[in-house]
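Trainee: I am new to reading structures like this one. Could you walk me through a few features with me?

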Amino acid sequence: MNNGLEGVVAAETVLSHADGESGAVWVRGHTIESLAAERGYEGAVAVMWEGFAGHDLSRDGMRDTLGAARAAAFARTSEWLDCAARRPLGEGLRIALAAVPDIAAPAEILATLPVAIAALLRRRAGKALTAPDPSLATAADFLRMVTGAAVEPRRAAALDTYLTTVIDNGLGNSTFAARVVVSSQASLAAAALGGYCAFCGPLHGGAPGLALDMLDEIEASGDADGWIERKLAAGGRLMGFGHRIFRHRDPRADLLRAALRRLDPDSARLDFVIELERRAVAALQRRKPGRRVEANIEMDAALLLDAIGLPRQAFTPVFAIARCAAWLAHAMEQKQTGRMIRPASSYIGPVPA
């Protein structure tokens, strides 16, 4: 038995594949690099949803579809906003997703996230909500709804690269959760909510904000090597290092790092992180000789979202804007099997007398 289910094949999928040994991510026959460079977020969603949520889907068509869906989602904010605004941002988004009706189409579900995050941030800041502009792409419109003003194209482009790069990564924890939920013939809205609930933990989608917290602590200490050694000696984990699948360099980290360089060519903080990675990897190798531990996507994701101007508490919710497209794609694929996921367990409790 394997408590973490490593190596257990639980689904056949045409959607995505993560090769940890070679350091590659494929999404429906495309490398993650080509998706980010050539198709962008709406194009990636179209690729993933083709045949499940329509046929002959395109980047432009998906842009129009999601734009209209954001307008519809905004019209429903009064159904959940007062309750959600009293909670932390991540909990508030969970309430917004729970309010999505079971009959909602995939685009309506996905569009709820950028609308809800922006609305919650505006409400928390005591500002009036900004209605979506359906003519814009998701990244540009989301930042516009958050700030209440037009957004620099370079910031919108950086966020679009981020959303595309992290859209899917094989059968991750949250994606599997979405498949389990929908396999009982529950709705796509329920599957997306289940995926988000699994996603928000610190071992999954909640990691980028924690990585930035760690970076702040190290910078404040003035002694990176000493901080790392003390953390490891106490049995602590270095956020931003190691990955369950990628045993070598995560290819998505390089894409995000390049996007950050384009956004801020003189980023002193990125230079600090590059040096910190070198020191941390060396320290980890000294403690576990022969085991290669590389930096993962968390630090680069956190730096990019921070440079775009998003608050730290929004990192996980914004990550979910990307990954929700995959939860829905996998849920739609799972529905086609008609099979409920029901694994067995090994009983180790007391035997009745």
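Trainee: Let me begin with the strands: in what order do they form the open sheet, and is the pairing parallel or antiparallel?

Mentor: Keep in mind that this is a predicted model. The open sheet holds 3 strands, ordered E1-E2-E3, and their pairing is antiparallel. The edges are strand E1 (16-19) and E3, each of which pairs on one side only.

Trainee: How many bridges join E1 and E2?

Mentor: There are 4 bridges between E1 and E2, in the antiparallel sense. To see one of the partnerships, find Asp 19 and look across to Ala 24 in E2, its bridge partner.

Trainee: And what lies between strand E2 and strand E3?

Mentor: A loop, and Arg 28 lies in that loop, between strand E2 (24-27) and strand E3 (30-31). Look at its backbone: the phi of Arg 28 is near 50°, a positive value in a residue that is not glycine. Arg 28 counts as partly exposed because its relative accessibility is 26%.

Trainee: Which other residue has a positive phi although it is not a glycine?

Mentor: Try Gln 185, with a phi of about 75°. Gln 185 also sits in a loop, here between helix H9 (173-183) and helix H10 (188-199). Its relative accessible area is 70%, so Gln 185 is exposed.

Trainee: Now the helices. Which residues of helix H12 are buried?

Mentor: Helix H12 covers residues 224-233, and its buried residues are Ala 224, Gly 226, Trp 227, Ile 228 and Leu 232. After H12 comes Gly 235, which has a positive phi near 80°.

Trainee: Let us turn to charges. How should I think about salt bridges, and how many does a search of the whole structure find?

Mentor: The general idea is that side chains of opposite charge can pair when their charged atoms come close. In this structure, the search finds 20 salt bridges.

Trainee: Where can I see a salt bridge within one helix?

Mentor: Start with the general idea: an α-helix has 3.6 residues a turn, so residues three or four places apart point the same way. Now go to helix H14 (residues 268-287), where Glu 275 and Arg 278 are 3 residues apart, about one turn of the helix. The side chains of Glu 275 and Arg 278 meet in a salt bridge, at 2.5 Å from N to O. Glu 275 is partly exposed, as its relative accessible area is 30%.

Trainee: What about Glu 152: which side chain does it meet in a salt bridge?

Mentor: Glu 152 meets Arg 155, and the N to O distance is 2.8 Å. Glu 152 counts as partly exposed because its relative accessibility is 37%. Arg 155 is partly exposed too, with a relative accessible area of 22%.

Trainee: Which salt bridge links distant parts of the chain?

Mentor: Look at Arg 312 and Asp 216, whose side chains meet at 2.7 Å, N to O. This pair is 96 residues apart: Arg 312 is in the loop between helix H15 (298-308) and helix H16 (315-337), while Asp 216 is in helix H11 (residues 207-221). Arg 312 has a relative accessible area of 30%, so it is partly exposed. Asp 216 is also partly exposed, at 27%.

Trainee: Which residues do salt bridges with shared partners join into one network?

Mentor: The network joins Asp 213, Asp 216, Glu 219, Arg 269, Asp 306 and Arg 312. Try finding each of these residues in the view above.

Key:
Residues are numbered from 1 along each chain as its sequence is written. Side-chain values use heavy atoms; hydrogens and water are left out. Helices (H or I, at least four residues) and strands (E, at least two) are DSSP runs, numbered from the N terminus. Buried means under 20% relative accessible area, exposed over 50%, partly exposed in between (1.4 Å probe, protein chains only). Two strands pair if DSSP finds at least two bridges between them. A salt bridge is a side-chain nitrogen of Lys or Arg within 4 Å of a carboxyl oxygen of Asp or Glu.
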